[in-house]
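Colleague: I would like to understand how the descriptive words used for a model follow from its values. Could you take me through them one at a time?

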Amino acid sequence: MDNLIKYRLDSAEEKLESAKLLLDAGKYRDSIGRSYYSIFTVVRAVLANDKVDFSKHAGVIAYFQKEYIKTGKFDVKYSRYLQTAFQIRNSCDYDDFFIASKQDAKEQYSRAAEFYTEVNNYLSNLK
């Protein structure tokens with residue numbers, strides 16, 4: 001596995017661990033943010049395999065949708081996970097008075113963990 005891919009997978013795993021710690025501490029908004037960044041970072045690990053990257057989140061997301069969701073390499077549910085995580089993370093970070101619930105944070109953490117596992121398996125099987 002390429003060094004950049006491994007680095008991004010490790011980084012995504014660390015963000016996932018942080019999301020869990022924050023969830024357990026009742027810091028739901030920050031947990032949601034870490035869950036999103038875990039997903040975003042594993043998507044960037046997939047893009048690293050293609051030697052592609054983008055300076056904006058929208059570019060990363062659009063490329064993943066086009067090259068990996070629409071082609072069936074990843075189930076369409078991962079598209080929903082990514083889009084939802086992006087939207088709720090934006091609400092947590094930028095919307096005044098947005099209240100993130102424990103359930104929101106648990107769901108985002110669970111999806112991020114599933115996404116991480118799916119991408120890790122995908123990249124491991126490319127050898």
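**From values to words**

Modeller: Let us begin with Phe97, which is exposed, with a relative accessible area of 81%. Please keep in mind throughout that this is a predicted model.

Colleague: What makes Phe97 count as exposed?

Modeller: The word exposed is used for a relative accessible area over 50%, and because Phe97 has 81%, it counts as exposed. As for its place in the chain, Phe97 lies in the loop between helix H4 (77-94) and helix H5 (102-124), and its phi is positive, at about 65°, although Phe97 is not a glycine.

Colleague: Why is Lys51 called exposed?

Modeller: The reasoning is the one just used: the relative accessibility of Lys51 is 65%, the cut-off for exposed is over 50%, and Lys51 therefore counts as exposed. Lys51 also sits in a loop, the one between H2 and helix H3 (57-69), and has a positive phi, near 60°, in a residue other than glycine.

Colleague: How do you know that H1 and H2 are roughly antiparallel?

Modeller: Two packed helices are described by the angle between their axes and by the distance between those axes. For helix H1 (residues 3-24) and helix H2 (residues 28-49) the angle is about 165°, and the axes are 8 Å apart. Angles over 145 degrees count as roughly antiparallel, and therefore H1 and H2 are roughly antiparallel to each other. Their crossing is left-handed, and the contact of H1 with H2 has, by class, 13 nonpolar, 7 polar and 5 charged residues.

Colleague: Which elements make up the secondary structure of the protein chain?

Modeller: The protein chain comes to 5 helices and 0 strands, so that, read from the N terminus on, its elements run α-α-α-α-α.

Colleague: Why does the radius of gyration of the protein chain agree with that of a compact globule?

Modeller: A compact globule with 127 residues would have a radius of gyration near 14 Å, and because the protein chain has 14 Å, the two agree. Along its principal axes, the C-alpha trace spans about 45 × 25 × 25 Å.

Colleague: How many of the residues count as buried?

Modeller: Buried means a relative accessible area under 20%, and 42% of the 127 residues of the protein chain count as buried. Turning to contacts between residues at least 6 apart in sequence, 65% of them join residues at least 24 apart.

Technical notes. Residues are numbered from 1 along each chain as its sequence is written. This is a predicted model: local features need pLDDT of at least 70, side-chain atom pairs count only at pLDDT 80 or more; totals for chains, interfaces and linings use all residues. Side-chain values use heavy atoms; hydrogens and water are left out. Axes are lines fitted to C-alpha atoms, for helices over the stretch in contact, and angles run from 0 to 180 degrees between N-to-C directions. Helices (H or I, at least four residues) and strands (E, at least two) are DSSP runs, numbered from the N terminus. Angles under 35 degrees count as roughly parallel, over 145 as roughly antiparallel, 65 to 115 as roughly perpendicular and the rest as oblique. A crossing is left-handed if the near helix is turned anticlockwise from the far one by less than a right angle, and right-handed if clockwise. Ala, Val, Leu, Ile, Met, Phe, Trp, Tyr, Cys and Pro count as nonpolar, Asp, Glu, Lys and Arg as charged, and the others, Gly among them, as polar. Buried means under 20% relative accessible area, exposed over 50%, partly exposed in between (1.4 Å probe, protein chains only). The radius of gyration is taken over C-alpha atoms; the globule rule is 2.2 Å times the number of residues to the power 0.38. Contact means heavy atoms within 4.5 Å.
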